[in-house]
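Hi,

Here is the structure I promised to pass on. Have a look at it first, and then read my notes below.

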Amino acid sequence: MKKKVLTVDDSRTIRNMLLVTLNNAGFETIQAEDGIEGLEVLEGCNPDVIVTDINMPRLDGFGFIEGVRRNDKYRAVPILVLTTESDAEKKNRARQAGATGWIVKPFDPAKLIDAIERVTA
Amino acid sequence: MDMNEIKEIFFQECEEQLAELESGLLKLNDGDRDPETVNAVFRAVHSIKGGAGAFGLEELVAFAHVFETTLDCVRSNKLEPNQDVLKVMLRSADVLADLVTCSRDGGSVEESRTRGLVKELEALANGEAPPAAEAPKAAKPAAAPAATPTDDSGFQPIPFTFDGFGEEEDAVEQFTYEVTFKPARELYAKGNEAALLLRDLSRLGEMSIACDTDQLPALESMDPEASYFGWKISITTPKSEDEVRAVFEFAEWDCELEVKLAEVSADEELPMVPVPFDLSALDEEPAEIVEPQPKAVAAVEAVSSVAKAVNAAVEKKESAAAAAAAATQNNAVAAASSAGQTIRVDLDRVDRLINLVGELVINQAMLSQSVVENDTNGTSNINMGLEELQQLTREIQDSVMAIRAQPVKPVFQRMSRIVREVADMVGKQIRLVTEGENTEVDKTVIDKIAEPLTHMIRNAVDHGIESPEKREAAGKDPEGTIKLSAKHRSGRILIELIDDGGGINRERVKQKAIDNDLISPDANLSDEEIDNLIFAPGFSTADKISDISGRGVGMDVVKRSIQALGGRISISSRPGLGSTFTMSLPLTLAVLDGMVVTVAGQTLVVPLTAIVETLQPEASAIHSFGANQRLISIRNSFCPLVDVGRILNFRANQANPVEGVALLVESEGGGQRALMVDAIQGQRQVVIKSLEANYTHVPGIAAATILGDGRVALILDVDAVVGASRGQSLKPEMSLAAAG
């Protein structure tokens with residue numbers, strides 16, 4: 001069965017890149033535009049892994065990760081954070097919120113797939 | 001979708017982000033201190049940077065990075081966004097916009113401009129921030145988004161490409177490492193999985209592994225979420241210690257990890273049992289790897305029963321999940337679609353639809369007409385059905401038009417940059433206030449309004465608003481205000497440009513018009529007429545043509561562009577208080593409400609918006625004036641009579657006004673004219689078909705349309721006809737008429 005990835009990012013550009021990259025790599029991709037929508041979509045989609053941005057309107061990546069971890073059904077789903085640079089503070093906060101790992105932008109398809117494979121069986 | 005398409009999306013998104021950025025900065029400039037505004041501004045730049053990085057647009061990334069760093073200082077309250085700071089930021093936004101444009105269309109931004117701003121931005125970031133924490137960040141060469149600097153915590157991203165592993169192995173030196181790995185419960189809580197980490201580690205080379213089960217309690221006291229196992233791994237690999245550690249990159253904080261080069265024989269000190277590490281087992285049954293060999297029988301049984309229970313639970317969960325997945329897929333889709341309230345549609349598709357609806361309207365009109373001709377009693381069901389069809393057609397048409405409707409906001413936002421730039425250039429202080437930005441109008445109108453509006457704004461800044469000294473001397477606020485507003489009024493969009501400058505200098509305008517031979521020196525013009533002289537071709541009030549207002553492009557060009565859109569423009573001015581330009585434009589360029597008239601046997605359509613009233617002239621109201629001018633007296637004032645048939649050369653001689661109908665029209669100059677036509681056929685909505693696109697431009701004719709009976713009718717260009725009637729000159733016949 002195809003692995004399912006939920007991506008949460010407010011940038012249409014990045015969403016499209018994620019979609020193309022993940023679909024090409026044989027993943028099923030579900031997308032949300034911000035943390036709130038991410039949590040809404042999460043309920044039905046049962047992802048194998050979640051990829052989320054940090055800077056987003058309405059609910060940012062930290063809030064979203066906390067929301068996922070609070071949800072008994074999904075608290076063990078691996079969550080990868082897209083961060084633009086190696087901002088230690090941001091990564092630390094993401095980790096504290098419950099992020100599993102991170103992917104450093106600029107967006108590189110190979111890195112993304114590698115990171116996803118690292119955290120999924 | 002390929003990368004080029006995504007790049008196109010990126011640039012579209014950049015436009016949106018830039019608009020967001022600018023409006024956010026302007027809000028901050030107006031004293032808005034809502035954290036969400038700052039966040040939105042930050043996000044806009046951040047987003048541009050993120051996308052630009054993905055496409056390797058380094059110049060853009062570099063500048064966005066510096067900008068973002070400074071914005072981050074504002075966001076974390078280290079930098080107060082006062083007027084000076086915002087001035088730099090607004091200029092930075094302009095440069096960012098230029099960099100985006102250059103990235104898309106080629107070309108380059110002056111390096112000095114970029115560099116200067118980078119310095120200013122960095123100074124801002126450094127000036128207010130605690131030097132230790134912020135300075136290095138801001139000073140960091142921005143063009144290194146892919147760099148992987150270290151930080152104090154040792155928390156660093158290491159690119160984890162596994163390319164070329166196998167090839168290296170035989171050639172290079174091999175190391176053996178002893179790795180001790182003991183996960184904390186947090187590791188699992190964050191979605192990491194010890195087995196997966198061990199799998200990744202095993203890919204680095206030959207490894208053997210032993211599981212430390214000492215801490216495993218009896219089943220009844222076991223916490224299912226606690227971490228009881230630790231592993232001791234011996235791995236032989238050509239990789240460096242850092243590379244081995246990198247496997248645990250995500251888990252570093254949530255485990256005890258020790259990696260060291262192996263001593264010669266450091267095999268078994270602990271009561272642990274080495275297990276050959278079999279990767280295939282992991283993929284089959286994850287629970288197996290943690291199953292130790294018997295040390296104490298009871299403990300092992302406990303472990304394997306735990307493992308089985310876990311397996312069973314996992315399986316159960318998985319099958320339940322699979323069942324749920326199918327059911328909930330729809331929910332996810334529904335949720336996704338309900339969240340996105342808009343879709344993007346290729347403009348061509350919309351245009352095709354609009355064209356088709358245009359044909360539908362014509363077809364429906366033809367059908368109606370033929371039914372009316374054949375079904376004289378008018379009571380049949382066909383007639384009723386047709387009426388409904390007509391209504392539906394109209395509704396479909398309106399809805400389709402609404403698809404093309406867009407708010408004027410983007411154009412208005414562009415204007416604020418122009419005000420800023422031009423004001424800086426001429427050393428004036430000017431604030432642009434916009435109103436009704438969400439007023440919607442057809443996209444074509446929006447696209448075409450930008451240029452004339454830009455020109456008018458430049459004019460208003462350059463000529464309208466006075467210098468700060470002059471303003472102060474006149475007792476005004478040294479900062480001038482330009483107000484740009486849009487609103488709907490009776491099926492048209494009304495755009496007003498109001499400045500609080502000096503107003504039109506009528507003496508000078510009149511003198512200029514006389515000098516340029518636009519009016520005769522003894523002309524007796526009303527204030528309104530003098531003001532409107534600035535729209536006359538070849539008129540320019542600036543004593544010397546400045547860079548700003550453009551070379552030789554005057555308000556006459558603006559007026560022509562507006563007219564080409566089926567719009568009108570007028571000015572009213574109060575000396576010392578400022579001027580107001582009013583533009584009225586159609587909401588769509590696709591259909592038109594028109595009066596269908598007959599002139600010398602030809603069918604013409606006169607735009608309804610131009611017509612003030614229609615009247616049946618009486619012989620006593622017609623007065624001759626000069627050689628071949630005629631006036632009609634309407635309620636004690638005189639109005640020039642224009643014979644449409646004569647102007648368009650449909651006939652050689654002037655028709656008798658008493659036999660026809662007069663259409664009183666409002667012309668651009670502010671005056672009225674009575675257009676003579678032979679008869680009125682009716683009023684209807686027509687679909688505009690461009691003559692230029694299908695034939696060539698015909699003076700006096702704006703476009704064509706197809707009528708219900710299938711015949712082509714020409715749409716009258718009222719202003720051109722009126723202009724032709726006075727020989728395209730502003731010789732004072734009009735004012736005489738008004739005075740009479």
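**What I found in chain B**

Please keep in mind that this is a predicted model. Chain B has 740 residues, and 34% of them count as buried. Its secondary structure comprises 24 helices and 23 strands. Among contacts in chain B with a separation of 6 or more, 68% are between residues 24 or more positions apart.

A good place to start is an open sheet of 6 strands in chain B, with mixed pairing and the order β15-β19-β20-β18-β17-β16. Strands β15 (611–615) and β16 (622–625) of chain B are at the edges with a single partner strand each, so one side of each has no neighbour in the sheet. From one strand to the next, the twist averages 35 degrees. Helix α23 (residues 718–725) of chain B packs on this sheet, where it touches β18 (637–643), β19 (661–666) and β20 (672–677), and its direction is at about 100 degrees to that of β18(B).

At one edge, β16(B) runs antiparallel to β17 (residues 629–634) of chain B, and 4 bridges join them. Ile622(B), for instance, has Ile632(B) in β17(B) as its bridge partner.

Then turn to helix α15 (residues 409–426) of chain B. Its 18 residues should span 26 Å at 1.5 Å a residue, which agrees with the 26 Å between its end C-alpha atoms. The buried residues of α15(B) include Val411(B), Phe412(B) and Met415(B). Among the elements covering them are α1 (3–29), α4 (83–105) and β7 (430–435) of chain B. Just after α15(B) comes Gly427(B), with a positive phi of about 70 degrees.

Enjoy exploring!

Key:
Residues are numbered from 1 along each chain as its sequence is written. Chains are lettered from A and ligands numbered from 1 in the order in which they are written. This is a predicted model: local features need pLDDT of at least 70, side-chain atom pairs count only at pLDDT 80 or more; totals for chains, interfaces and linings use all residues. Helices (H or I, at least four residues) and strands (E, at least two) are DSSP runs, numbered from the N terminus. A residue is buried if 20 or more other C-beta atoms lie within 10 Å of its own, exposed if 12 or fewer, and partly exposed in between; C-beta atoms are placed from the backbone. Two residues are in contact if their C-beta atoms, placed from the backbone, lie within 7 Å. Two strands pair if DSSP finds at least two bridges between them. Axes are lines fitted to C-alpha atoms, for helices over the stretch in contact, and angles run from 0 to 180 degrees between N-to-C directions. The expected span of a helix is 1.5 Å times one less than its number of residues.
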